[in-house]
Amino acid sequence: MNAAPWLATLTALSRHRGVLGTLLVSERDGLAVESMVQIGVNAETVAALAASLHRKARLASAAAGYGGVHFVRLDAERGHVLAAGRDDLLFVVISESRANTGLLRVELIRAAAGLA
Amino acid sequence: MSEEIRRLSDVLVRDPASRAFVPLADALRRAGDLATAERIAVRGLERHPYDADAHDTLARIHADRGDLDRAADEWSMALRLDPRLTSAQKGLGFIDYRRGMLESAERWLGAAAEHDDDPSIARALATISRARATVNGANGHRDEGAPRPPVDTDTVTGSVTDVAAVNVAAPSPVAIPVVASPPAVPDAPSVAPVGAGAQARQLFAPLMGNEALTALLLDSDGLVLAGAYVDGDGRDIAEEVGAELAGVSDEAARSMRHLGLGAWTSLQVEADAAIVAMTPAPHGALLLVAAARETPVGLVRVILGRALAVAREWLARFA
């Protein structure tokens, strides 16, 4: 697969207000395939943790009979982690609290659909 | 400050990317400065998230604090990074032992014994074997289905860290209380008035209206405290759903510790058939709201907030 579409998606996501980093992550091994993060954001750590969280959510959802997972949103006191993916690949956004998470959610789900 | 701590601190100051944070955090832990030890370990893990020894050290710090959930979390991560890390196997073995999961404890220590000939592991295994015999004799069935002994540090001599370091100060079989009551959940209400069960199951019903929504309040083990979850056949599957989803919140908490975004406040999962939202509740509990996929996401979050207010009030009455 050509990496250019991924870069365009990551770039578009990273331009949103409050976004600290955008990544394309392999859920299986927790490694970043591509990333655009601000200075001070450890892409490897974000990738590993987002992949682990998504994997856990996916397995729990399947076990509870809810089927596949399309979107995961983790809110914290000072920011958010958002993830959407297909098969083994996830688009991940880490942001400050002031980010427009509704808009990011829509764009992430749309971007994940394009991973087919 | 000991000479070792001073020396390792100097190394870390000169080279912040150094792995000296691992022995430094451990030295601080052994010196009893758990807060500084944790800070050093967490900072180091931000640079070295795949360092199994660092996760092992952070697990020991949590264990020394008595936070067995976090310790188990870190030891599990350490084992994912290094499946043959015997200290993590021993740590998980001891935690399972403390939780009364003797068969699982035996499996972990048995795995550790395959790569580590420390005689104290064999002694610990013998102790567990005797304890299992005692429990099985008392209950007339296998231990995994038996009630768990409460986590009570007074029943065990030696710290988890001691066991992880293979100074297995394993308790004698008689130190394992075999209780007939439900397991104690630290800091969570475990006793409700007689007749409160039906009220607890209906706790969130007024919030649900006509929407295809359900809410559950789970304790730190994923056991249902309040709420109900009825499937299409009319069967209450709250215990099953709660057990499956509670583990996700552990993952959320772990992620937040490493990302520096503060404590997690809510988690939302959108799946094929449902939207699930969860949030931490007082006393280590977890509140979970599940809705049909077609439910507006914003509505699910509003219901979650209202259910949390109800849960807080309800927990305050029993805490």
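**Two chains, one paired strand edge**

Good morning. I begin with the link between the chains: strand β3 of chain A and strand β3 of chain B, the latter spanning residues 264-271, pair in the antiparallel sense over 7 bridges. Within that pairing, A:Val72 stands opposite B:Val269, a residue of β3(B). Please keep in mind that this is a predicted model.

Let me turn to the contact as a whole. How many residues does each chain bring to the contact? Chain A contributes 30 residues and chain B contributes 28 residues. On the side of chain A that touches chain B, the elements giving two or more residues are α2, residues 43-64, together with β3, residues 69-76, and β4, residues 79-86. Of these, α2(A) gives the most, with 13 residues. Sorted by class, this side of chain A holds 16 nonpolar, 8 polar and 6 charged residues.

I now describe the chains individually, starting with chain A. Chain A is built from 3 helices and 5 strands, and their order along the sequence is α-β-β-α-β-β-β-α. Chain A has 116 residues, of which 48% count as buried. If we take the contacts in chain A between residues at least 6 apart in sequence, 49% of them join residues at least 24 apart.

Chain B has 13 helices and 5 strands. Of its 319 residues, 43% count as buried. For contacts in chain B with a separation of 6 or more, residues 24 or more positions apart account for 51%.

The next topic is the nonpolar interior. Which residues have the most contacts inside the largest nonpolar core? They are A:Ala50 and A:Val92 from chain A, with B:Val276, B:Leu287, B:Leu288 and B:Val289 from chain B. This core numbers 82 residues and thus includes residues of both chains. Its largest share, 10 residues, comes from α2(A), the helix that also gives the most to the side of chain A that touches chain B.

One residue of this core may serve as an example. Leaving aside residues up to four places away in sequence, B:Leu287 touches B:Ala215, B:Leu217, B:Met278, B:Thr279, B:Ala281, B:Leu304, B:Ala307, B:Leu308 and B:Ala311.

Apart from the largest core lies another, of 41 residues, and among them are B:Leu24, B:Ile40, B:Ala78 and B:Ala105.

To close, I return to the two features that join the chains: the antiparallel pairing of β3(A) with β3(B), and the core of 82 residues, whose best-connected members include A:Ala50 and B:Leu288. Thank you.

Technical notes. Residues numbered from 1 in each chain as written. Chains lettered and ligands numbered in written order. Predicted model: local features only at pLDDT ≥ 70, side-chain atom pairs only at ≥ 80, totals over all residues. Helix = DSSP H or I, 4+ residues; strand = E, 2+ residues; numbered from the N terminus. Buried ≥ 20, exposed ≤ 12 C-beta atoms within 10 Å, placed from the backbone. Contact = placed C-beta atoms within 7 Å. Nonpolar A, V, L, I, M, F, W, Y, C, P; charged D, E, K, R; others polar. Pairing = 2+ DSSP bridges. Core = buried A, V, L, I, M, F, W, Y, C linked by C-beta atoms within 7 Å.
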